Amino acid sequence: MAAAPLRVLACGDVEGRLETIFGRVRAIQAKSGRFDMLLCVGNFFGSTSEAEWAEYRTGAKKAPIPTYVLGANNPDTLSYFPDVSGCELAENITYLGRRGVYSGCSGLQIAYLSGTEAQQQPEPAHCFSAKDVTELKTSLLAAPNFRGVDILLTSPWPRDVGTFANSAGEIDTKKCGSKLVADLAASLKPRYHFAALEKTYYERLPYRNHMVLQETPQHVTRFIALADVGNTSKKKYLYAFSIVPMSSMDPAELVKQPQDVTENPYRKLRKEAPKSKAPLSAEEEPACQFFFDLSKQQGKKRPSEGRERGDSQPKQAKKPPQPTGPCWFCLASPEVEKHLVVSIGTHCYLALAKGGLSPDHVLILPIGHYQSVVDLSSEVLEEVTKYKAALKEFFRSKGKRYVLFERNYRSQHLQLQVIPVPLDLCTSEDIKEAFITQAQEQQIELLEIPEHSDLTQVAQPGVPYFYVELDTGEKLFHRIRGRFPLQFGREVLASEALLAQPQRADWRQCAAQRPEEAAQARAFRQDFEPFDFSLRD
């Protein structure tokens, strides 16, 4: 029999307005039935709390339901919290403590961290330090088969919580909040995370807690910031929800992903965390349940059936298929605009893009007719890799990093678009964020795939897809199942978030006259010559 859900209320900064919050709770219960608890984040006490508080402290009045509060966020209210390890402040009102985990008889697990992030050492009594966060994380992560907590309570917002998400209004989530809280949330993977202090309401879209294609699916997190109680702007300060403790849930039900789920906003923090291989629990499956098995050694083919290892004959290089009609990109074709070609290898060539985003926007193209990267023979793929390495070295010498993308959709011949972006303009993380954010806006599921994997592991020949690769090796992939915007890659790179040239998103608006194109190609060819392996091989 499934466990009955707990009915929980969470509220923002009370600031001593006890009659307001408890009156609202009574009204809700009269209308909707009894709730099990009230969780308070932010400032529970204010500068004028004493008169109202005295009635509850002496027992003249009583909170209508069990109420759990966080500690002081400023020195003025420290005196209300006599015991840093937590204590009962009044009947039905409990101070949880400086940091820790509260587990009720239902199995619900609530992690909490009181105060604000310390800006000095030693930290003041109303602040937490990196040591506090580390100790809280360690106490939980050491548990066998730790999957996360049900609820996380903090007063400050986590820094960068708005990354990949809906707007937080006037709050700049890149500057607001605590990096330590972000680190805590990334590690503890709460199903609900409540915070306050910013005097506004913000319910972020749920975010995933696993790397798609790399890790087994996990539950999502919902971050909710609540406004101050009784605020005149009518911003939401009380949030009601039902929750079945994680320990009592069916694992398949727990990891269901809602349609509006986003990437994890703390993905960068997770990557920076020390990488350690933990053994799979009995309930987990290895990563091969996705499109490929990361546990297998890559790059070695199995011997053909009926042959012993070492007896197989070397295979003849497979010839590329022939185009069914005129092709603008097969090098032997009369349709190729050869004045744009800047380097020719054995199997591939480089050409300036017609109507490029910049004068050094180039294409890596196979000389023969191949539709996509997953169709390439091994020798062609090897030369594509050499061109990518040469371009990385070339663009880095110019103070730039490249972004490569392929759209295997409504195209006949493989075109790897390579666009340089100045290093001082944005980071690789900025580029990934721009692609993922703009994909989400258009309901495109753009997923990060492992850096050491190759595209053939996630896409089969003939399957339409869109693919992005940074010169750091980081990769994004979208399996196209319906319509797809043809200019998407250019639109993202041309957007204000990156190159800030939205007027150049469509190549047709950027085409130059043939003499100008030829001059640009000569200039690029001359610049690239020291890096061009085809001139030395």
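The pLDDT is the predictor's confidence in each residue, from 0 to 100. This is a predicted model, in which local features need pLDDT of at least 70 and side-chain atom pairs count only at pLDDT 80 or more, while totals for chains, interfaces and linings use all residues. Residues are numbered from 1 along each chain as its sequence is written, and side-chain values use heavy atoms, without hydrogens and water.

**Exercise 1.** State what average pLDDT the protein has, and where the pLDDT is below 50.

*Solution.* The average is 87, and 89% of the residues score at least 70. The pLDDT is below 50 over residues 274–317. Where pLDDT is low, the predicted coordinates should not be read in detail.

**Exercise 2.** Compare the expected span of helix α7 with the distance between its end C-alpha atoms.

*Solution.* Helices are DSSP runs of H or I with at least four residues, numbered from the N terminus. The expected span is 1.5 Å times one less than the number of residues. Helix α7 has 20 residues (378–397), so 28 Å is expected; its end C-alpha atoms lie 29 Å apart, which agrees. Just after α7, glycine 399 has a positive phi of about 75°.

**Exercise 3.** Identify which element supplies the largest share of the largest nonpolar core.

*Solution.* A nonpolar core is a set of buried Ala, Val, Leu, Ile, Met, Phe, Trp, Tyr and Cys residues joined through side-chain atoms within 4.5 Å; buried means under 20% relative accessible area (1.4 Å probe, protein chains only). The largest core has 38 residues, and Leu391 is among those with the most contacts inside it. Helix α7 supplies the largest share, seven residues. Buried residues of α7 include Leu391 and Phe394.

How values were computed: Contact means heavy atoms within 4.5 Å. Helices (H or I, at least four residues) and strands (E, at least two) are DSSP runs, numbered from the N terminus. Buried means under 20% relative accessible area, exposed over 50%, partly exposed in between (1.4 Å probe, protein chains only).
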